[in-house]
Amino acid sequence: MHIRPFSPEDITTLLVIYNDVIATSTAIYLDEPISQIELQDWVDTRLSKNYPVLVAILNNTVVGFSSFGDWRAKPGYRFTVEHTVHIAREKRGHGIGGALLEALFPFARTLNKHVMLGVVDADNIGSLRFHERYGFTEVARFPQVGFKFNRWLDAVFMQKFLNGAPE
Ligand SMILES: CC(C)(COP(=O)(O)OP(=O)(O)OC[C@H]1O[C@@H](n2cnc3c(N)ncnc32)[C@H](O)[C@@H]1OP(=O)(O)O)[C@@H](O)C(=O)NCCC(=O)NCCS
């Protein structure tokens, strides 16, 4: 397995991975699949800001991706980013997500970012444990702010200080 920057031909596989997560889980608060144009816009927005979009390659196939973008638009939030990581269903649990998440940290530090945030659905225990494993701490839990599959969802904010926690 190796990690490399996104390349234009990766878009179709990223779309399959992303839309499978939408269809089968509460990890993404979307009900309908997104289009290739929407995903390409998402990628282009990140690349235009010099933010990384990384893919994991196993046997010449894209099996996961990671990225980060601005958390909120106002300039005071410019040192905080929100990341994304998704792995193809059949490739989970083999260290690929961890490698893709860790690969984001040097990019964020080089860009002088201070905080990385992940928004995790409270039912996604695997992802909560996953983030803790890489130094993220739960800092907020918002009850019933989401709705999918005909039920309310709680969102958990997981935070990591990129250069170590303050005193
Ligand atoms: C969450 C996700 C990105 C993790 O990637 P992964 O490749 O499956 O995870 P890894 O194999 O790299 O796991 C690294 C560590 O995370 C923890 N972890 C990962 N999955 C876990 C699970 N289901 N339960 C408990 N701990 C888990 C473990 O500590 C693991 O370390 P270990 O193998 O040494 O015990 C991946 O499972 C995924 O894409 N899930 C579906 C979409 C999703 O939830 N995305 C995240 C949205 S916030």
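Biologist: Strands here are DSSP runs of at least two residues, numbered from the N terminus. In this predicted model, which strand holds Gln159?
Modeller: Look at residues 151–161. They make up one strand, and Gln159 is found there. The strand is E7.

Biologist: Is Gln159 buried or exposed?
Modeller: Buried means under 20% relative accessible area. Gln159 has 19% relative accessibility, so Gln159 counts as buried.

Biologist: Which residues is Gln159 in contact with, leaving aside neighbours within four places in sequence?
Modeller: Set those neighbours aside first. The contacts that remain are Val115, Met116, Leu117, Gly135, Phe136, Thr137 and Val139.

Biologist: Turn to helix H2, residues 36–48. What span should its 13 residues have?
Modeller: Each residue adds 1.5 Å. The count to use is one less than the number of residues. The end C-alpha atoms are 18 Å apart, which agrees with the expected span of 18 Å.

Biologist: Which residues of H2 are buried, and where do they fall?
Modeller: The buried ones are Leu39, Trp42, Val43 and Arg46. Seen down the axis of H2, they fall within an arc of 95 degrees. They therefore line one face of the helix.

Biologist: What do the buried residues of H2 pack against?
Modeller: One partner is a helix, H1 (11–24). The others are strands: E2 (53–58), E3 (61–70) and E4 (80–87).

Biologist: Which exposed residues does the face of H2 turned away from its buried side carry?
Modeller: Exposed means over 50% relative accessible area. On that face, the exposed residues are Ile37 and Ser48.

Biologist: Which residue with a positive phi follows H2?
Modeller: Its phi is near 70 degrees. The residue is Asn50.

Biologist: Strand E3 holds Val63. Why does Val63 count as buried?
Modeller: The cut-off for buried is under 20%. Val63 counts as buried because its relative accessibility is 3%.

Biologist: How far apart in space are Val63 and Phe147?
Modeller: In sequence, 84 residues separate Val63 from Phe147. In space, C-alpha to C-alpha, the distance is 28 Å.

Biologist: Where is Tyr29, and how does its accessibility class it?
Modeller: Tyr29 sits in the loop between H1 and H2. Partly exposed lies between the 20% and 50% cut-offs. At 34% relative accessibility, Tyr29 therefore counts as partly exposed.

Biologist: What accessible area does the nonpolar surface patch with Tyr29 have?
Modeller: Tyr29 forms this patch with Phe142 and Val145. Together they have an accessible area of about 270 Å².

Key. Residues are numbered from 1 along each chain as its sequence is written. This is a predicted model: local features need pLDDT of at least 70, side-chain atom pairs count only at pLDDT 80 or more; totals for chains, interfaces and linings use all residues. Side-chain values use heavy atoms; hydrogens and water are left out. Helices (H or I, at least four residues) and strands (E, at least two) are DSSP runs, numbered from the N terminus. Buried means under 20% relative accessible area, exposed over 50%, partly exposed in between (1.4 Å probe, protein chains only). The arc is that of the directions from the helix axis to the C-beta atoms. Contact means heavy atoms within 4.5 Å. Patches are made of residues with over 30% relative accessible area and no salt bridge: like charges are joined within 9 Å, nonpolar side chains (Val, Leu, Ile, Met, Phe, Trp, Tyr) within 5 Å. Accessible areas come from the Shrake-Rupley method with a 1.4 Å probe; for residues, only the protein chains shown count as cover. A salt bridge is a side-chain nitrogen of Lys or Arg within 4 Å of a carboxyl oxygen of Asp or Glu.
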